[in-house]
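Here is a short set of questions and answers to read beside the model. Keep the sequence and the 3D view open.

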Amino acid sequence: METNPPQTSTASYLGDAHYTSLPDGHSSPVSPRRPLRVFAVILTSVVFLVSLVALIVSQSQQLLDAAERGRGHLSTSKTASFSDASRPVARGVAEGVSAKSNPSLSGDEVSYNWTNAMFSWQRTAYHFQPEENWMNDPDGPLYHKGWYHLFYQYNPDSAVWGNITWGHAVSVDLIHWLYLPLAMVPDKWYDWNGVWTGSATVLPDGQIVMLYTGDTDNYVQVQNLAYPANLSDPLLLDWVKYSGNPVLIPPTGIAPKDFRDPTTGWLGPDGKWRVTIGSKVNKTGISLVYTTTNFTTYELLDHVLHAVPGTGMWECVDFYPVSINGTTGLDTSANGPGLKYVLKASLDDTKLDHYALGTYFSENDTWIPDNPAEDVGIGLRYDYGRYYASKTFYDPNKERRILWGWINETDTETDDLEKGWASLQTIPRTVLFDNKTGTNILQWPVEEVESLRLNSTDFDGVLVEPGSIVELDIGTATQLDIFADFEIESLGSDENNETDGGCNGGAVERRSLGPFGLLVIADQTLSELTPIYFRLANSSDGNLKTYFCADERRSTKATSVFNQIYGSEVPVLDDEKYSMRVLVDHSIVESFAQGGRTVITSRVYPTEAIYGATRLFLFNNATGVNVKATLKIWQMNSAFIHPFPLDQI
């Protein structure tokens, strides 16, 4: 019989922590201060331009002088290296959020000589991204009057993080999106430095409340309330910020930059709503719990929902139930027998999204993991690739839980500014409990993505011998939906006694039982390629382990791109083949192993494997097995994402 776990008081975490109170005396500006901000930008720009001209003239004279002195060549000073103390801090860190830029790993690194055609190829065809500029976290996803709504962190002015507003888009099917005007902008003292991440709660009477983090004019993180101006509007074009904002300020013991990202509310047995907010005390990540009856006044519970030492700041916390034996999603307020609860946190220290399955005790609002060795932040991850700041919502239209995730760039800021955009959202994924393993969730692309499928090609029992590569004749391989099953046949000539190295050796390290899989976004000569593959190894207890991996190291000739090997162990049951599904869409590759037990998202920036030169291959780099592959591959259409024709309504 399960018993309530011992409660850890909030005071025990917060009692001795440093705290800076919210400054007094704030009031909303009588008139928006945007003109002053614009004036300041103009003035600064003029000063900068004058200084730049002077610098150019000065340097030009120095170059002429050097040439006249016959030095033979002109040297340039080196920029600071990655280890230099003078290296700039990544965007967002000073403001109190996770890093939102990708500083070069070497001060000597020069961006690749990209062409406009290369940049154009990188833009996806069926993943959501704004028309231009910067995007990060998904916000407040919901379903309302026939439309799915996605709000997102957006910089309307540039392709780098800053001036964060809420972008807004709608879709009838989660795939074909229509851009709408900005939903909220930073125009109040309580969100002057950013309208940050938030969540929607749909009340039983249909009202919608949106809680979001605002970064105040003094860089204090507070929680604010907004709601639609007109609930009868299916597009929810206009939003009203509550006049009593902020509704929550950092409690005693919580630093002003460690209090953000409220969750969707859930209803407790006492009729009160609960909301949890991520934070930390020292290096312990925590999830604070507040109760409310009206979403304007709150009471902080005297204990946390959960805490994990050593995991650091918890951002974008998510908390929701999954059915143990069901095939549908559950409303966030669902409770009772036959449920597990997912607690997820985005770890600011590592920029990884970790989750754990456990039991929620509604009597005292605490949660404990099923497996303490795989607690939040030290065990399972939503995605083992490039993925962060995820958020789920319950879709009452199809009774499913939908997961969104932000995928940022791995090229340089300079490249992002040149191409004029940065970041994507994943294809929305359904989330279910894996009742075969009982230890993980299953993520799978929403069924609506299948509406983009065009012609398909089937391959049955393709033999891939050790050390060989087989091209799959499907034509251009830039936009694909790939289903692949693999079976292995031992050759009996090689002992599998290597040390279990997981994915670490990459696709080029040959072992008895792998790696084998696909080469996506490859060119004909294999000068650029991205392997998505399985690797098998005997564990110390004699059982066979299976790893699912992605190796980006040869995905591009551009040395300024950050690429690496991603992957993790994936459970494969005795009656299962090695199976993967891979969504390829230009510069993003989403890979799902064993029905979605392990997922990897990759960003790739090829210089030659683009447009008609993109190819798809099978490979087997094992030394001791033949591989037989059966595949079904669809070419994928574009989603043709574009602005909503507001002038036609």
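The turns below cover a predicted model, taken by topic.

Q: How many disulfides does the structure hold, and which cysteines form the link?
A: The structure holds one disulfide. The sulfur atoms of the pair are 2.0 Å apart, under the cut-off of 2.5 Å. The pair is Cys 503 and Cys 549.

Q: Which parts of the chain does the pair of Cys 503 and Cys 549 tie together, and how many residues apart are they in sequence?
A: Cys 503 lies in the loop between β26 and β27. Cys 549 lies in strand β29, residues 544-551. The link therefore ties together parts whose separation in sequence is 46 residues.

Q: Is the link of Cys 503 and Cys 549 left-handed or right-handed?
A: Both Cys 503 and Cys 549 are buried. The angle about their S-S bond is -75°. The link is left-handed.

Q: Is Ser 568 buried or exposed?
A: Ser 568 is found in strand β30, residues 565-569. Among the residues it touches are Cys 503, Tyr 547 and Thr 598. Its relative accessibility is 17%, and the limit for burial is under 20%. Ser 568 therefore counts as buried.

Q: What separates the C-alpha atoms of Ser 568 and Gly 385?
A: Along the chain, Ser 568 and Gly 385 are 183 residues apart. In space, their C-alpha atoms are separated by 9.7 Å.

Q: In what order do the four strands of the open sheet stand?
A: The pairing in this sheet is antiparallel. β14 and β17 each have a single partner strand, so they stand at the edges. Neighbouring strands are turned by 40° against each other on average, direction ignored. The order is β14-β15-β16-β17.

Q: Which residue in β15 stands opposite Glu 315?
A: β14 and β15, residues 339-347, pair in the antiparallel sense. Eight bridges join them. The residue opposite Glu 315 is Ser 346.

Q: How many of the residues of β6 are buried?
A: Side chains in a regular strand alternate between the two faces of the sheet. On one side of β6, Ile 208, Met 210, Tyr 212 and Gly 214 are buried. On the other, Val 209, Leu 211, Thr 213 and Asp 215 are buried. The count for β6 is eight of eight.

Q: Which residue in the turn between β5 and β6 has a positive phi?
A: β5 and β6 run antiparallel, joined by six bridges. Gly 198 stands opposite Tyr 212 in β6. The two strands form a hairpin with five residues between them. The residue with a positive phi, about 95°, is Gly 206.

Q: What is the bridge partner of Asp 215 in β7?
A: β6 and β7, residues 221-228, pair in the antiparallel sense over six bridges. In their hairpin, Tyr 219 takes a positive phi near 60°. The partner of Asp 215 is Gln 221.

Q: Which strand gives the largest share of the largest nonpolar core?
A: This core has 64 residues. Those that touch the most other members include Ile 482, Phe 486 and Leu 631. Phe 486 is also in contact with Val 627 and Ala 629, among others. The largest share, five residues, comes from strand β35.

Q: How many residues are in the other core that lies apart from the largest one?
A: Its members include Ala 125, Met 135, Leu 150 and Tyr 154. The number of residues in this core is 26.

Definitions and conventions
Residues numbered from 1 in each chain as written. Predicted model: local features only at pLDDT ≥ 70, side-chain atom pairs only at ≥ 80, totals over all residues. Heavy atoms only, no water. Pairing = 2+ DSSP bridges. Axes fitted to C-alpha atoms, helices over the stretch in contact; angles between N-to-C directions. Buried < 20%, exposed > 50% of the residue type's maximum accessible area, 1.4 Å probe, protein only. Contact = heavy atoms within 4.5 Å. Core = buried A, V, L, I, M, F, W, Y, C linked by side-chain atoms within 4.5 Å. Lists of a residue's contacts leave out its neighbours within four places in sequence.
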